[in-house]
Amino acid sequence: MKRLNRIYTIIIFLFLYLPMVVLIVASFNTGKDITDFEGFTFHRYIELFQDDKLLPLLGNSLEIALLSSLIATIMGTAAAIGIHRMRPRLRSAILTVTNIPMTNPDIVTGVSLSLLFVFIGALLRNNTILGFWTLLIAHVTFNLPYVILSVMPKLTQMDPALHEAALDLGCTPFQAFRKVTIHEIMPGIVSGAIMAFTMSLDDFVISYFVYGPSYVTLPVEIYNYTKKPLQPKIYALFTLLFAMILIMMVLMNFFQAKAEKKRNLQHAVRKV
């Protein structure tokens, strides 16, 4: 049975990561045919960093991802704390409503937001409303549920007596919140922020419906490249993005494991 589980796991990993291996190898290939590896080169990466069109679009994507993840993290953390303090029945109902955007098809969310922005633009008599701000609002909207989902379990695991003890020791409610609550749920906040950043960075479907010609993100522009043979420097770009997301996921798991180890140590000390 263990051997069968190992074989099954290997097959799953092949399905998940074999395409990425092909992409990474192609980014270092001197030839243009991915089926024929002619030689090893960094020329594709040099071409990428000399490109005056793709790099600004990558900067747009990073800007939107950073801003939207920051705003979503602040709003999502505040929302999670508020939801946590609700009565159980109301909390369950609110969480159900909050989780709907995560199960809602992206194309439905994108079209809905696009219609909303166009409607607001018509009211304001602005025909060029789609752009940076509509992208930012859309990304914050679909990032919020992921932040709430990451923070809520940490709030549930936190001992409520810690906050009360801080108040008894002379802390103001804000000081108790800053020194105790935020400290205890920080792993969830970090996880939510990283998840929001990655979701925003690679989003295409929703961005496609709410972007304007004045502000284009990289995934939307890459879609136009798919209508013709991809240039090899695109492989290098995808490889760098994959490496960046991989590093962020490793860091997120590291922080979660470190926080879990610290929590277990604190529980062991309290028992003693």
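## A walk through an all-helix model

Start by selecting E221 and K53: they form a salt bridge, with the closest N and O atoms 3.3 Å apart. E221 sits in helix α10 (residues 218–225) and K53 in the loop between α2 and α3, so this pair ties together parts that are 168 residues apart in sequence. Colour by accessibility and the two ends look unlike each other: E221 is buried, with a relative accessible area of 12%, whereas K53 counts as partly exposed at 45%. Keep in mind as you click around that this is a predicted model.

**Next stop: the other salt bridge**

The count of salt bridges comes to two, so there is one more to pick, given that a bridge here needs a Lys or Arg side-chain nitrogen within 4 Å of an Asp or Glu carboxyl oxygen. Select D51 and K233, whose closest N and O atoms are 2.4 Å apart. D51 is in the loop between α2 (43–50) and α3 (54–84), while K233 belongs to helix α11 (residues 232–271), and the pair links parts of the chain 182 residues apart. Check the accessibility colours again: D51 and K233 are both buried.

**Zoom out**

Switch to cartoon view for the whole chain. How many helices and strands does the chain have? There are 11 helices and zero strands, so reading from the N terminus you pass α after α to the end. The C-alpha trace spans about 70 × 65 × 35 Å along its principal axes. Of the 272 residues, 37% are buried. If you draw a contact map and keep pairs at least 6 apart in sequence, 73% of those contacts join residues at least 24 apart.

**Into the nonpolar cores**

Now hide the cartoon and show side chains. Nonpolar side chains tend to be buried together in soluble globular proteins. Select V151, L155 and I185: these have the most contacts inside the largest nonpolar core, which has 26 residues. The elements that each supply at least two residues to this core are α3, α5 (106–123), α6 (132–157), α8 and α9 (205–210). Of these, α6 gives the most, with 12 residues.

Centre on L155 and expand the selection to its contacts. Leaving out residues up to four places away in sequence, L155 touches A80, I81, H84, T181 and I185. Apart from this core lies another one, of 21 residues, and A65, I194, V216 and L241 are among them. Hold on to L241, since the next stop brings it back.

**The largest pocket**

Turn on a surface. Rolling a probe the size of a water molecule over the atoms shows where empty space is left. The largest pocket has a volume of about 440 Å³. To find it, select L201, D202, L241, F242 and I245, which are the closest to its centre of the 14 lining residues. Two or more lining residues come from each of α8 (173–201), α10 and α11, and α11 contributes the largest share, with five residues. What is the lining like by class? Colour it and you get 11 nonpolar, two polar and one charged residues.

**A cavity to compare**

There is one cavity of 30 Å³ or more in the whole structure, and its volume is about 30 Å³. Select its lining: S61, H139, S200, L201, D203, S207, T217 and P219. You already met L201 at the pocket, where it is among the residues closest to the centre. By class, the cavity lining divides into two nonpolar, five polar and one charged.

**Two loop residues to finish**

Pick L230, in the loop between α10 and α11. L230 has a relative accessible area of 30%, which makes it partly exposed. Its contacts, not counting residues up to four places away in sequence, are Y225 and Y235. Then draw a distance from L230 to K32: their C-alpha atoms are separated by 9.6 Å, although the two residues are 198 apart along the chain.

Last, jump to R125, in the loop between α5 and α6. Which sign does the phi of R125 have, positive or negative? R125 has a positive phi, about 55 degrees, although it is not a glycine. Is R125 buried or exposed? At 79% relative accessibility, R125 counts as exposed.

Conventions:
Residues numbered from 1 in each chain as written. Predicted model: local features only at pLDDT ≥ 70, side-chain atom pairs only at ≥ 80, totals over all residues. Heavy atoms only, no water. 1 Å grid on protein atoms, 1.4 Å probe; cavity = no way out; pocket = protein on both sides within 12 Å on 5 of 7 lines; lining within 4 Å. Points joined across faces, edges and corners; volume = space filled by probe spheres on them. Nonpolar A, V, L, I, M, F, W, Y, C, P; charged D, E, K, R; others polar. Helix = DSSP H or I, 4+ residues; strand = E, 2+ residues; numbered from the N terminus. Buried < 20%, exposed > 50% of the residue type's maximum accessible area, 1.4 Å probe, protein only. Core = buried A, V, L, I, M, F, W, Y, C linked by side-chain atoms within 4.5 Å. Contact = heavy atoms within 4.5 Å.
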